[in-house]
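Subject: Structure for you to look at

Hello,

Please find the structure below, for your own inspection. My notes come after it.

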Amino acid sequence: MTSVGFDPAAPGADLERHGIRLGDVLFQGIAVAASLAATALLGLIVYQVTSDAWPAIQEFGASFIWTEAWDPVKDVYGALTFVYGTVVTSAIALLLATPLSIAIALFLTEIAPRRLAAPIATMVELLAAIPSVVLGLWGILVFGPWVRDTLEPFLQSFLGWCPLFSGDPSQAGMLPAALVLTIMIIPITSAICRELFSRTPRDLMDGSMALGSTRWEAIRGVMFAYAAPGIAAAVLLGLGRAFGEAIAVNQVIGGANSINVSLFAPADTLGSRIAAQYQGATSSLQVGAILYLGVILMVISLVTNVVAQVIVTRFERARRAY
Amino acid sequence: MTAAPHDDRYDITTRSGGLRRRRITEKVFAGLAVGSAVVAVGILALVLGTVIHRGITELSLDFFTKPRPLFGQAGGIADALVGSALIVGMAMVMAIPCSILVAIFMSEYAGPRVSVGLRVVLDVLNGVPAIIVGIFVFGLLVVGRGQSAIFGAFALAILMLPMVARATQEVLEIVPRSLREASLALGVTRWRTTLSIILPTAIGGILTGVVIAVARVAGETAPLLFTSSIAANQVSADVSNALPTLPVTIFVFSESPDPGEQAAGWAAALVLILFVLVLNVIAKVVAGRQRRKHEGA
């Protein structure tokens, strides 16, 4: 294949040309096969997890989702406790992380001098690089006790009338889990927001400020308007991460079989319950119930991610139309 | 204009109450933005500081050369270091060639629609929670065969694939068209152009993507819990059995009531975090060099 014929008219040139083509065809074939395999992998994950859980899905039916029970002794299982834990911890994390992430991104693009912006952006990125198990270790041994001794009594002192902040402070529970999730999604959301803000057309911002608006007014009126769909996608990607995080949450949330309204009390999320069961469940029904939890988590994450992707793709197309 | 009565709201030459309010809003906004950045950097410093402070006292030669202690004995994390190195190494072998081929297909062969479709597939694959990848490999391979380091590596490879493929595809897109055309015009076949012209040009970006992906999967616990977690406390290179790994060891230690094991957990966390940070710094340096090369060109 490496020796190209000197005389194209000589006999055998045809074969050689085919030989060259063969290399191209082969290489393209391998590349296509790899791409098909990657696509098939996504389908296979969905298929395999669902089919593993199928006996449990048939056994428990859809009512599994709104049944609040997890009793290996009586072999009664339901997902409501874990769905509730996942939704509440993720919602709190999202409420805290979204404004913080947007503010960090604005600081990096609009306020910080360039020399300061680059190292701070790197540090925020490094926050995402901390392995979740290390963050969980810190969460369980350092952050949890601080939450119990300082943050929770403080919140209780003026929000104690609210059932969410009632009960005894504890080092493992919904609140520390939500805060650890907040730390995990800030770098994701703020990195995307920063990218969006830095791509906002400069002349639009300058125009707004030339008309007399302050920097904040220009940001609110121009930048947010321009970046709104992207911000929505960034928030959804952060949410997907919060839903799916199993390890750090498992370490700090404490584990519980029933719903407790108080944010201070131990709870469980879908991911953390699955992670907690790795050493083997006792009955096949329990294994099925865990896989069923996996299916619920997978569906929630896939929907969140696909919606985020659709928004991003549309946003890109609209941006190209400018 | 002259006939219109003077309206204070539109007069920007005098300091109206409105202007003062707007300036205060501006100050508040700037303060909150600075405060948020301080919070983020502060959390990083706090976590890193704690891990270094609590972990460094445990580090010794024994810690790196001896396996995990049986109850009450002194020991280290040599078994977990060997296991992690083997599993991450195997995951790289599985994921990198496939990822680069997918990226080549996207940038060199696929039309825009197929390419966008594949990008969405990869991004969704990237969004599948690690714990789901864990139970997927558990159901596909572990059930009936038992845990093994190879299955653990396969799970990590699934996480690496979309990261490396997307990073590679993004650098391949910015390789100048003229390079491809020059090579093809000289009669070089397409596949040789790709392998010997385009890939070497993009190698810096590909390396950055690989290093970032390795840093991320080296700290992943969730996929290994179901595939390679129940292992003996000894240094072993038998990849057909489950091997101990650094993240799983930290996970187990973190939930231990024994202060000695907790201390070992901090030290192991320090080792893991240093490894991850060094890889991230390397990625930054490689990426910076690549960018300068492109700007210089």
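The notes below go from the chain contact to the core, then to some local features.

Please keep in mind that this is a predicted model.

Chain contact. On the chain A side, 70 residues are in contact with 71 residues of chain B. Helix H1 of chain A, residues 13-60, supplies the largest share of the chain A side, with 19 residues. By residue class, the side of chain A that touches chain B comprises 48 nonpolar, 19 polar and three charged residues.

Core. The largest nonpolar core has 196 residues. Those with the most contacts inside this core are A:Val134, B:Met160 and B:Ala268. Helix H6 of chain B, residues 149-173, gives the core its largest share, 18 residues. As for A:Val134, leaving aside residues up to four places away in sequence, A:Val134 touches B:Val51, B:Gly219, B:Ile250, B:Ala269, B:Leu272 and B:Ile273.

Domains of chain A. The domain assignment splits chain A into domain 1 (1-60) and domain 2 (63-320). Taken over C-alpha atoms, the centres of domain 1 and domain 2 of chain A are separated by 39 Å. Their contact takes 10 residues from domain 1 and 11 residues from domain 2. On the domain 1 side, the residues that touch domain 2 are seven nonpolar, one polar and two charged.

A helix pair in chain B. Helix H7 (residues 177-185) and helix H8 (residues 190-218) of chain B pack at an angle of about 145°, and their axes are 10 Å apart. The crossing of H7(B) and H8(B) is right-handed. From H7(B), the contact involves B:Leu179, B:Arg180, B:Ser183 and B:Leu184; from H8(B), it involves B:Arg190, B:Thr193, B:Ile197, B:Ile198 and B:Thr201. The residues of this contact divide into four nonpolar, three polar and two charged.

B:Phe64. This residue, B:Phe64, is found in helix H2 of chain B, residues 61-65. Is B:Phe64 buried or exposed? Neither label applies: B:Phe64 counts as partly exposed because 13 other C-beta atoms lie within 10 Å, whereas a buried residue would need 20 or more and an exposed one 12 or fewer. Not counting residues up to four places away in sequence, B:Phe64 touches B:Gly76, B:Ala78 and B:Leu81. B:Phe64 and B:Leu81 are 17 residues apart in sequence, and their C-alpha atoms are 7.9 Å apart in space.

Regards

Notes
Residues numbered from 1 in each chain as written. Chains lettered and ligands numbered in written order. Predicted model: local features only at pLDDT ≥ 70, side-chain atom pairs only at ≥ 80, totals over all residues. Axes fitted to C-alpha atoms, helices over the stretch in contact; angles between N-to-C directions. Helix = DSSP H or I, 4+ residues; strand = E, 2+ residues; numbered from the N terminus. Left-handed = near helix turned anticlockwise from the far one by under 90°. Contact = placed C-beta atoms within 7 Å. Nonpolar A, V, L, I, M, F, W, Y, C, P; charged D, E, K, R; others polar. Core = buried A, V, L, I, M, F, W, Y, C linked by C-beta atoms within 7 Å. Domains from an automatic or database assignment.
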